[in-house]
Amino acid sequence: MAPPPLQHWLMKSEPDVYSIDDLARDGRTPWTGVRNYQARNFMRDRMRVGDLVFFYHSSTEPPGIAGMGRVAGGAYPDPSQFDPKSEYFEPRATRDAPVWMLVDIAFERKFSRLIPLDALRADPALTGLLVLKKGQRLSVQPVEARHARRIIHLAGLSSART
């Protein structure tokens, strides 16, 4: 039986907190601090090792897609929820019943240039891309395969293992 096809995701980070350059330096990182149930559920229930991740720089000018990574590990409890000194501390969480989950992300490549949000909006082939929807603030969101192919094209890449 063939393995299921890879999925595609967009994950947002503020570059002054953690950027594509930080991921390139580290090689791999746990995606800590997600505190939205839907985003948590995507990581916990739907992400699989090998899935392609578009690394999106948010809360910057201009915002946009800076590069790519891969899901490098299955979901596990976010350790920041157990640390009372962490801004992500969750008093309801216990080691036996964690509330928040994360996945590890591995660096794949930094794009030669950022694909700005305005360029994504202007491209008719990206109609329906979740990050373009008004009010869409999820830090982890699925990307349809057709949108992934278009983003890879906009990045000037001939292909990626999508």
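Let's start at helix H2 (37–46), where Asn 36 caps the N-terminal end: one of its side-chain oxygens sits 2.9 Å from the backbone nitrogen of Gln 38. Such a polar contact is a pair of N or O atoms within 3.5 Å; within protein, one must be able to donate a hydrogen and the other to accept it, and residues adjacent in sequence count only if both atoms are side-chain atoms. Helices (H or I, at least four residues) and strands (E, at least two) are DSSP runs, numbered from the N terminus.

This is a predicted model, in which local features need pLDDT of at least 70, side-chain atom pairs count only at pLDDT 80 or more, and totals for chains, interfaces and linings use all residues. Residues are numbered from 1 along each chain as its sequence is written, and side-chain values use heavy atoms, leaving out hydrogens and water.

Now look along H2. Ala 39, Arg 40, Phe 42 and Met 43 are buried there, meaning under 20% relative accessible area (exposed is over 50%, partly exposed in between; 1.4 Å probe, protein chains only). Seen down the axis, the buried residues of H2 fall within an arc of 155°, so they line one face of the helix; the arc is that of the directions from the helix axis to the C-beta atoms. They pack against strands E1 (8–13), E4 (64–77), E5 (101–116) and E6 (140–143), with contact meaning heavy atoms within 4.5 Å.

Contacts also gather around Ile 65: not counting residues up to four places away in sequence, Ile 65 touches several residues, including Leu 10, Phe 54, Phe 111 and Ile 151.
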